[in-house]
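Reader: I have a model open and some questions about its strands and cores. Can we go through them in turn?

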Amino acid sequence: MRDTRPDILIRPATSADAAAISVAHCSDTTVWKTWDVHGAERPARYVDLNSYQRWLNGGPWMDVDLCADHLRRLAHNGLSLVAELDGRVLAEAELHTADEPPPFGRNANLSVLYVHRNHRRQGLGSALLPHALALAESEHCDNFIVAHAEATDFYAKHGLRAAARWARFRLSAQTDKAQYSTEPLPDAPYDLVRGFSLAIGRYQNAHHDWERTRPGATPDFAEWRHLKVERVWITTGRHRAALILEESPRAPRTAETFLFTASAASAPELIAAVRDLAARSGFDHLYFFAPADFKHKDAAPTEYSQNLFLKKL
């Protein structure tokens, strides 16, 4: 599929593109880092880093083998495109479609749009985005979303508009007299929670975040094998939700929190049970994304927030 620029080729990504995609993502890193057992960072050479340390510098794209594994998994649960210029892969896009309650509905979320730093302002991103939109339309999506929109002027130029602001919150885990029950949450495809809201923990969209938290979604790093993970169905009163608590590698006893619910309105009623379960599981604090206007007397926003841009299709 060729763009209006005849020298730019847009096509589906494959695992064979891993090396070029990794180079594009690594191009923005001017100082590589490593961390000691106490979390202190220091500069390092890329060649001296193992795959785990490369991951910590920016995710699976920072290492060719990890990137290839990521692309193979994405081929089964997402959509990906690359842009070639003069026969070289220099840009990449990744999407997941999800079915969520309003206001998102059936949506496609663009989680990655990355251009090699030495080849920006050459039309590569502008070539990829219309094809990503066309993919969303072919998947019968109502909305096209960029949940983590950094290049806001770029997205506005292509018809997306600021629709929401989400922030990362910190909340203490604490025992409570909340009445609830739990049962194991099976490892299953997204269909298990299709149609659910992700009012607590929504970083990209419900499909992307479900796949990212499934067992085996991340490499089996030895450094992560001791980390606590809780995956349960949690039921309180008439509300039932899928809850995932993942211990943060850089913040021991802190849980990254994802709560999939049939309705976003049920999330406040579930929080006491979530805090109690987290405390009883050995966590001290919860971290999660929520709308920036999220209110809870014990929750404090961190410095991190993100703009959500949207285009109706």
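Author: Start with a term: two strands pair if DSSP finds at least two bridges between them. Keep in mind that this model is predicted.

Reader: Which residue of β11 stands opposite glutamate 183?

Author: Strand β9 covers residues 181-184, and β11 covers residues 229-236. Four bridges join these antiparallel strands. Opposite glutamate 183, in β11, stands tryptophan 233.

Reader: What is the bridge partner of arginine 231 in β12?

Author: β12 spans residues 239-248 and runs antiparallel to β11. Eight bridges join the two. For arginine 231, the partner in β12 is isoleucine 244.

Reader: What is the phi of glycine 237 in the turn?

Author: β11 and β12 form a hairpin. Two residues lie between them. Glycine 237 sits in that turn, and its phi is positive, about 60°.

Reader: How many residues of α6 are buried?

Author: Buried means under 20% relative accessible area. Helix α6 runs over residues 206-213 and has eight residues. Those that are buried include Ala206, Trp210 and Thr213. The buried count is seven.

Reader: Which element gives the most to the largest nonpolar core?

Author: That core has 27 residues, and Leu110, Leu124, Phe144 and Tyr155 have the most contacts inside it. Several elements each supply at least two residues, among them β1, β6 and α5. With seven residues, the top contributor is α4.

Reader: How many residues are in the other core?

Author: This core lies apart from the largest one. Its members include Ala199, Ile234, Phe283 and Ala290. Its size is 26 residues.

Terms used. Residues are numbered from 1 along each chain as its sequence is written. This is a predicted model: local features need pLDDT of at least 70, side-chain atom pairs count only at pLDDT 80 or more; totals for chains, interfaces and linings use all residues. Side-chain values use heavy atoms; hydrogens and water are left out. Buried means under 20% relative accessible area, exposed over 50%, partly exposed in between (1.4 Å probe, protein chains only). A nonpolar core is a set of buried Ala, Val, Leu, Ile, Met, Phe, Trp, Tyr and Cys residues joined through side-chain atoms within 4.5 Å.
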